[in-house]
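Grab a pencil and work through these exercises with the model open beside you. Try each task before you read its solution.

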Amino acid sequence: MRLRALLLLLVLLLAMPFQAAQAEPARLALGGSALTPAPAGWWQRVFGPEALELQLALDRPVPWRAFLVGDPARLVVDLQGVDLTGQDPAQLFGHDMAPAIRWGSFRRGWSRLVIELPGPYRVARAGLQTQGPEARLRVALEPVAPDDFSPRPSAAAALRNLPEPAQMPEAPPRAPGLTVTLDPGHGGFDPGAQAGAETEAALVLTFAQELRDALEARGVTVAMTRDSDVYVRLEDRMTAARASGSHLLMSLHADALPQGQAAGATVYVWNPASDDRAAAQLALRHQRDDLLAGMDLRGQDDALAMALMDFARMDTQPRSEAFARLLTSRMALRGIGLHGRPVQGAAFSVLKSPDIPSVLLELGFISDQTDLANLTDPEWRARMVEAVAEATTGWWRDEQARAGLLRH
C-alpha cells in the first residue's frame, strides 16, 4: 500500500514540470514566420496580384482557425493559448506585402492576427504541421476576381466571434383595421367554367383560401362569401360583404372563352354607364336597409334610393379604379401575365354595390393552356397571392392617407 502511494507521488512529481510547461502560453517565433509571395507563374509576377503564403512558427501546436472578411478584404487567424505580447507585427518578414497587419489578444485565451489584403483572395490551403521542433501554420492565399470573393457574410459578427446573423425574411407590410371580403365565384351546383377535371369553382376557392392566409398574416380581417363547395346567390355576396363591414370586396374568377380569344389576368370594375340600370335592379332586389351601409331607406321611394346610391358611387368608383390599377401594377412587377387590357369595366352583379369599393379579378382563363397550368401551379399561385396582398395593403395605406385629407 505504501509502495503504491510512493509510486503515485513519484508520477505526480514527474508530471508537474510538463503541466507547468503546458500552462505557459505558446509563443510565436518571429524568426521562422513570414508573409511571402507564392506566384503560380510568370504572369502573376508581371501583372499581379501575386498569390501569398502566411507561415507562423509556434513553439508548440495550438488550436487555430482562419477565415476571410470583407470591406476591406482581410485574412483573420485566431490562435488559442498564444501570447503575442511584446511582439511587433512590423518585425514579421514580408509585412510590406500587405497594406496593414495587426495582432493582439481579442478574448481570454485567444490571440488574433488580422492581415489586410491587397485585393480579393481565397484561402486555397491551410494547415498546421507538427513535425519537427516547431509547429508551423501555413495559409495559402490565391487572388480571385471581385465577383468570386467569398468572405464571411457579416464581418462585424465574425470579428466579434459571434454567430452569423440569421437570414430572416422581411416582414410584409401590415394593414390593421382593414376588412376585406373575398368572394370565390360559383360553387355548389354551379361549377363555373370547366377544363377537363378542373372547375373554376374549385380553383378560385383554393386561391381565395391561400390569399386569406396571406392577408391575415398582414393584419387584415378577411371575410369569405364561401369557404367550401356551396352555392351563394350573387346578391347575397354583396350583402355578406356589407354585413362584415368590409372596406373592399374582391370577387375571384377564372372563366373560359373560345380558344385563343383571351388569356392573362384581368381586373374588372363597375362600368359607370350601367349605374342607372344597376340602381334600379338593386332597389327591386334588396331590402331597403341593405342598399347602403349605415343608412335605413325603408319607407323611401325608389328615386331617393337611386339618387343616394349614385351619390355613394361617386366616392367608391374612383377607389375601386385605384385598387384595380395598383393591383395590375403589382401583378406586372411579379411577372404575372396580364390580358392586353388588364383593367376593364363591366356590369357584373358583384360589382354593383354602391358603398363598397369592389373589383372582380379574373385570375386567368382556364380555356387557355398556359393560364390553366398557372392556376394549378402552387408556385405561380404564391406569386399571384403576394401580388394581390401587396396591392391590398398598399391600397389601404393610400386610403388612410386620403382619409386624413378629407374634411368631415
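**Exercise 1: A histidine in a loop**

His-186 counts as buried, at 16% relative accessibility (buried means under 20% relative accessible area, exposed over 50%, partly exposed in between, with a 1.4 Å probe and protein chains only). Before going on, note that this is a predicted model, where local features need pLDDT of at least 70, side-chain atom pairs count only at pLDDT 80 or more, and totals for chains, interfaces and linings use all residues. Residues are numbered from 1 along each chain as its sequence is written, and side-chain values use heavy atoms, with hydrogens and water left out.

Task: find where His-186 sits and what its phi is.

Step 1. Look in the loop between strand E11 (179–184) and strand E12 (194–195), and there you'll find His-186. Here helices (H or I, at least four residues) and strands (E, at least two) are DSSP runs, numbered from the N terminus.

Step 2. Check the backbone: His-186 isn't a glycine, yet its phi is positive, about 65°.

**Exercise 2: The largest pocket**

Task: work out which residues and elements line the largest pocket.

Step 1. Start with the idea. Rolling a probe the size of a water molecule over the atoms shows where empty space is left. On a 1 Å grid over the protein atoms alone, a pocket is an open set of points with protein on both sides within 12 Å along at least five of seven lines, while a cavity is a set of points where a 1.4 Å probe fits but cannot get out; lining residues have an atom within 4 Å of a point.

Step 2. Get the volume: about 210 Å³ of space lies in the largest pocket. A volume is the space filled by probe spheres set on the grid points, which are joined across faces, edges and corners.

Step 3. Now the lining of the largest pocket, which has 16 residues; His-186, Leu-234, His-253, Val-350 and Leu-360 lie nearest the centre. Helix H5 (234–243), strand E15 (248–253) and strand E18 (358–362) each give two or more residues to this lining.

Step 4. Sort the lining by class and you get six nonpolar, five polar and five charged residues. (Ala, Val, Leu, Ile, Met, Phe, Trp, Tyr, Cys and Pro count as nonpolar, Asp, Glu, Lys and Arg as charged, and the others, Gly among them, as polar.)

**Exercise 3: One face of H5**

Task: say why the buried residues of H5 line one face of the helix.

Step 1. List the buried residues of H5: Glu-235, Arg-237, Met-238, Ala-241 and Arg-242.

Step 2. Look down the axis of H5. Its buried residues fall within an arc of 155°, so they line one face of the helix (the arc is that of the directions from the helix axis to the C-beta atoms).

Step 3. Step past the end of H5 to Gly-245, which has a positive phi near 70°.

**Exercise 4: A four-stranded sheet**

Task: put the strands of the open sheet in order and say which ones stand at the edges.

Step 1. The order of the four strands is E2-E3-E10-E9, with antiparallel pairing. Two strands pair if DSSP finds at least two bridges between them.

Step 2. Strand E2 (34–37) and strand E9 (121–129) are the edge strands; each has a single partner strand, so one side of each has no neighbour in the sheet. From one strand to the next, the twist averages 15°.

Step 3. Count bridges. E9 and strand E10 (residues 135–143) are antiparallel and share eight bridges, while seven join strand E3 (residues 52–58) to E10.

Step 4. Match some residues: Val-123 is opposite Leu-141 in E10, Ala-126 has Val-139 as its bridge partner there, and Gln-55 stands opposite Arg-138.

Step 5. Follow the hairpin of E9 and E10: five residues lie between the strands, and Gly-132 has a positive phi near 90°.

**Exercise 5: An unusual peptide bond**

Task: which bond joins Asp-71 and Pro-72, and is Asp-71 buried or exposed?

Step 1. A cis peptide bond joins the two, with omega about -5°.

Step 2. Find the place: Pro-72 is in the loop between strand E4 (64–69) and strand E5 (74–80), and Asp-71 is in the loop between E4 and E5 too.

Step 3. Asp-71 is exposed, because its relative accessible area is 79%. Asp-71 also has a positive phi of about 55°, although it isn't a glycine.

How values were computed:
Axes are lines fitted to C-alpha atoms, for helices over the stretch in contact, and angles run from 0 to 180 degrees between N-to-C directions.
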